Amino acid sequence: MKNMGLTRLVLVEPRVFPHHEADARASGANDLLATAQVVATLEDALVGCNLVLGTSARDRRIPWPLLDPRECGTKVIEEAAGGAEIALVFGREDSGLTNEELQRCHYHVHIPSDPEFSSLNLGAAVQVLSYEVRMAWLAAAGQPSKVEKDEVASTKSGELATMDELERFYEHLEQTLVAIEFLDPEKPRHLMARLRRLYGRSSVSRAEMNILRGILTETQKAGRGELLKRKD
Ligand code: SAH
């Protein structure tokens with residue numbers, strides 16, 4: 001990642017860190033290990049992020065908006081130009097990312113490898129994506145940013161809801177759906193995953209998120225019969 005100009009590394013619950021072998025292999029990029037942030041959960045790692053791209057070698061049960069590495073590079077550079085905080089999420093060397101972790105991502109990125117042998121080593125996958133980000137950055141360097149004029153004012157990247165705000169919204173949404181008996185916790189039928197996918201691809205702004213939260217609060221009140229009482 002340092003070769004390609006990327007510097008901010010966040011490690012989620014590393015088995016051993018720091019480690020002399022990692023230091024040795026980093027040769028020359030030890031500053032990235034020294035400044036790496038270590039967090040306990042993926043959720044912690046994504047606090048403050050506006051756009052999250054998760055990588056996967058496999059197809060999952062619920063199809064998700066999918067980018068190839070080139071599209072991923074372009075998207076990263078376009079959104080970064082608009083001020084977005086962006087995370088590229090990679091999985092464990094042996095087991096990749098869980099479905100739950102992948103469902104926290106706005107987009108999935110798949111390197112179109114041979115389906116018969118699709119899984120790259122983690123380091124190789126990181127290199128392919130970092131390279132595409134660099135190529136997109138080089139292509140955009142010196143060109144005026146298209147992002148500002150193309151985007152509708154209310155959804156400018158700088159104003160997009162952050163991952164932690166989105167997470168609080170999903171919690172609120174789930175509680176509300178359970179309260180109004182739209183969601184049966186015994187038989188969830190991937191409802192929350194489908195809703196995450198829907199909102200994830202909508203680039204929800206902070207102001208829009210406040211509207212949605214307001215609707216949920218009123219829905220909960222209505223569910224408790226409070227609105228009827230107020231009208232009496
Ligand atoms: N058995 C795991 C493979 C993990 S490979 C699985 O099937 O998910 C380790 C990591 O490298 C993955 O979690 C992903 O972040 C990245 N990776 C490997 N191959 C990839 C591919 N073809 N496309 C995108 N990312 C890939």
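Q: In which helix is S130 found?
A: This model is predicted. The residue S130 belongs to a helix that spans residues 122-140. That helix is α6.

Q: Is S130 buried or exposed?
A: The relative accessible area of S130 is 2%. A residue counts as buried when this value is under 20%. Because 2% falls under that cut-off, S130 is buried.

Q: Which residue has its backbone oxygen 2.6 Å from a polar atom of the side chain of S130?
A: The side chain of S130 carries a polar atom, and a backbone oxygen lies 2.6 Å from that atom. The residue that provides this backbone oxygen is V126.

Q: With which residues is S130 in contact, leaving aside its neighbours within four places in sequence?
A: S130 is located in helix α6. Once neighbours within four places in sequence are left aside, the contacts of S130 are M1, M4 and L6.

Q: Where is C49 placed?
A: C49 comes after α3, which covers residues 42-45, and before β3. Its place is therefore in the loop between these two elements. At a relative accessibility of 7%, C49 is also buried. The location asked for is the loop between α3 and β3.

Q: What distance separates the C-alpha atoms of C49 and L160?
A: Along the chain, C49 and L160 are 111 residues apart. C49 also touches A161, T162 and M163, among others. The C-alpha atoms of C49 and L160 are separated by 9.3 Å.

Q: In what order do the 4 strands of the open sheet lie?
A: The pairing in this open sheet is parallel. Its edge strands, each pairing on one side only, are β4 (66-67) and β5 (86-89). The order of the strands is β4-β6-β3-β5.

Q: How many bridges join strand β3 to strand β6?
A: Strand β3 covers residues 51-55 and strand β6 covers residues 107-109. The two strands run parallel. One bridge pairs T55 with V109 of β6. The number of bridges that join β3 to β6 is 3.

Q: Why is α8 described as roughly parallel to α10?
A: The axes of α8 (residues 163-179) and α10 (residues 206-223) come within 10 Å. The residues in contact include F169 of α8 and L216 of α10. Angles under 35 degrees count as roughly parallel. The description applies because the axes cross at roughly 20°.

Notes:
Residues are numbered from 1 along each chain as its sequence is written. This is a predicted model: local features need pLDDT of at least 70, side-chain atom pairs count only at pLDDT 80 or more; totals for chains, interfaces and linings use all residues. Side-chain values use heavy atoms; hydrogens and water are left out. Two strands pair if DSSP finds at least two bridges between them. Buried means under 20% relative accessible area, exposed over 50%, partly exposed in between (1.4 Å probe, protein chains only). A polar contact is a pair of N or O atoms within 3.5 Å; within protein, one must be able to donate a hydrogen and the other to accept it, and residues adjacent in sequence count only if both atoms are side-chain atoms. Contact means heavy atoms within 4.5 Å. Axes are lines fitted to C-alpha atoms, for helices over the stretch in contact, and angles run from 0 to 180 degrees between N-to-C directions. Angles under 35 degrees count as roughly parallel, over 145 as roughly antiparallel, 65 to 115 as roughly perpendicular and the rest as oblique.
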